[in-house]
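Colleague: I am new to reading structures like this one, and I would like a close look at a single part of it. Please take me slowly through the charged pairs and what surrounds them, with the reasoning spelled out.

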Amino acid sequence: ILTTAKDNLLKEASCTAIGQLSLYSALSVSDIPSNLSYDTVADKIYDVAKSGNEKAILALGHLAMTPKESEEDAEFSELYHIEALLHKLHEIRQTEAHFAV
């Protein structure tokens, strides 16, 4: 739904679902279907978060709690990718959204 939905309400609902599943450790990197990558899911949530959607911003933060930390190839890890996406959210001009970031 997150990758194909055109409706903002569906995108927001899928961001909320991914965020809640990530928050309670019910979602892991291995649970993501093989036709999607972890980075693709993070990018789709980021696309929704760019508009200032606080639920998507929180979902991106919750998704960052799911990958395992590794010291090898740290700049190519899933965690580093989400960290870079969160840093790019500084472009949002809404003050309320910065509290969520």
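Modeller: Let's start with a term: a residue is called buried when its relative accessible area is under 20%, exposed when it is over 50%, and partly exposed in between. Please keep in mind that you are looking at a predicted model.

Now try the term on aspartate 47. Its relative accessible area is 42%, so aspartate 47 falls in the middle class, partly exposed. The side chain of aspartate 47 forms a salt bridge with that of lysine 50, with 3.9 Å from N to O. The cut-off for such a pair is 4 Å, so 3.9 Å is within it. Lysine 50 has a relative accessible area of 44%, so lysine 50 is partly exposed too.

Why would such side chains meet at all? Opposite charges can pair when the charged atoms come close.

How many salt bridges are there by this rule? The count comes to two. Besides the pair you have just seen, lysine 55 and glutamate 12 meet through their side chains, at 3.3 Å from N to O. Here the partners come from distant parts of the chain: lysine 55 belongs to helix H3 (residues 54-63) and glutamate 12 to helix H1, with their positions 43 residues apart in the numbering. Are these two buried or exposed, or something in between? Lysine 55 has a relative accessible area of 45%, so it is partly exposed. Glutamate 12, at 25%, is also partly exposed, because 25% is not under the 20% limit for buried.

That salt bridge joins H1 and H3, so let's see how these helices lie. The axes of H1 and H3 come within 8 Å and cross at roughly 30°. Because an angle under 35 degrees counts as roughly parallel, H1 is roughly parallel to H3. Their crossing is left-handed. You can find another link between positions far apart in the numbering by looking at leucine 58, which sits in helix H3. The C-alpha atoms of leucine 58 and cysteine 15 are 8.7 Å apart, although 43 residues separate them along the chain. Leucine 58 has a relative accessibility of 41%, so it counts as partly exposed.

Helix H3 has another neighbour. The axes of H2 and H3 come within 8 Å, and they cross at roughly 155°. An angle over 145 degrees counts as roughly antiparallel, so that is how H2 lies to H3. The crossing of H2 and H3 is left-handed.

H2 also packs against helix H4 (residues 78-88), with the axes 10 Å apart and an angle of about 15°. Since 15° is under 35 degrees, H2 is roughly parallel to H4. The crossing of H2 and H4 is right-handed. In H4 you will find leucine 86. Its relative accessible area is 23%, so leucine 86 is partly exposed. The C-alpha atom of leucine 86 lies 9.8 Å from that of alanine 64, and the two residues are 22 apart along the chain.

Now go back to helix H1 and follow the chain onward. Leucine 23 is in H1, and at 32% relative accessibility it is partly exposed. Membership of a surface patch needs over 30%, so leucine 23 passes that test. It forms a nonpolar patch together with Tyr24 and Met65, with about 330 Å² of accessible area for the three together.

Next comes the loop between helix H1 (8-23) and helix H2 (38-49), where you meet serine 25. Most residues other than glycine have a negative phi. Serine 25 is not a glycine, yet its phi is positive, at about 60°. At 65% relative accessible area, serine 25 is over the 50% limit, so it is exposed.

To place this part in the whole, the chain has five helices and zero strands, and its elements run α-α-α-α-α from the N terminus. Of the 101 residues in the chain, 33% are buried.

Conventions:
Residues numbered from 1 in each chain as written. Predicted model: local features only at pLDDT ≥ 70, side-chain atom pairs only at ≥ 80, totals over all residues. Heavy atoms only, no water. Helix = DSSP H or I, 4+ residues; strand = E, 2+ residues; numbered from the N terminus. Buried < 20%, exposed > 50% of the residue type's maximum accessible area, 1.4 Å probe, protein only. Patch = residues over 30% accessible without salt bridge, like charges linked within 9 Å, V, L, I, M, F, W, Y side chains within 5 Å. Areas by Shrake-Rupley, 256 points an atom, 1.4 Å probe, with all protein chains shown as cover. Axes fitted to C-alpha atoms, helices over the stretch in contact; angles between N-to-C directions. Parallel < 35°, antiparallel > 145°, perpendicular 65-115°, else oblique. Left-handed = near helix turned anticlockwise from the far one by under 90°.
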